[in-house]
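Biologist: Please take a close look at a single part of this model. Pick one buried charge and walk me through its surroundings.

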Amino acid sequence: MFIIDQYRVKIQVRKEPGLYTFDPFSATGKSYLCTLCKQYHNYGEKVAGYDYYDYLDGRPLPENVQSWLICTEEMVFAKKFLNLPPPSMER
């Protein structure tokens, strides 16, 4: 479990370290949470967000991170509607 509570929007994760998925329902805040994780990583927090646009821009996965949020909504959209290949998460 970890808490980031020194900013306007607080993040509290009540899970042990690991890889988790979100339900695929739209408008539940997944992309917003990913944006917050990116922003807080830029502030020096050990959390990061990564989305399909980061992949398309060739950005590497951030290092020295305790928790990740990898947003896949854009990946699904790109595959389904733009016929783009899914990204490889290999480093």
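Modeller: Contact here means heavy atoms within 4.5 Å. The model is predicted. Take Glu45. Glu45 sits in the loop between helix H1 (30-42) and strand S3 (47-50). Glu45 is buried, yet has no salt bridge. The nearest side chain of opposite charge is Lys46, 9.3 Å away. A salt bridge needs a nitrogen of Lys or Arg within 4 Å of a carboxyl oxygen, so Lys46 does not qualify.

What is Glu45 in contact with, leaving aside neighbours within four places in sequence? The contacts are Ile4, Gln6, Tyr7 and Tyr40. Two of these residues also make polar contacts with Glu45. The side chain of Gln6 joins that of Glu45 at 2.6 Å. The side chain of Tyr7 does so at 2.9 Å.

Tyr7 and Tyr40 lead on to the rings. Ring pairs link Tyr7, Tyr40 and Tyr43 into a cluster. The structure holds three aromatic pairs. Glu45 is in contact with two members of that cluster, Tyr7 and Tyr40.

Now follow the chain out of the loop. The loop of Glu45 runs to strand S3 (47-50). S3 pairs with S4 in the parallel sense, over four bridges. Ala48 stands opposite Trp68 in S4. Strand S4 covers residues 67-70. Its covered face holds Ser67 and Leu69. Its uncovered face holds Trp68 and Ile70. In a regular strand the side chains alternate between the two faces of the sheet. So the residue opposite Ala48, Trp68, belongs to the uncovered face of S4.

Note on methods
Residues numbered from 1 in each chain as written. Predicted model: local features only at pLDDT ≥ 70, side-chain atom pairs only at ≥ 80, totals over all residues. Heavy atoms only, no water. Helix = DSSP H or I, 4+ residues; strand = E, 2+ residues; numbered from the N terminus. Buried < 20%, exposed > 50% of the residue type's maximum accessible area, 1.4 Å probe, protein only. Lys, Arg positive; Asp, Glu negative; His and termini not counted. Polar contact = N/O pair within 3.5 Å; in protein donor to acceptor, adjacent residues only side chain to side chain. Phe/Tyr/Trp six-rings, centres within 6.5 Å; stacked < 30°, edge-to-face > 60°. Pairing = 2+ DSSP bridges.
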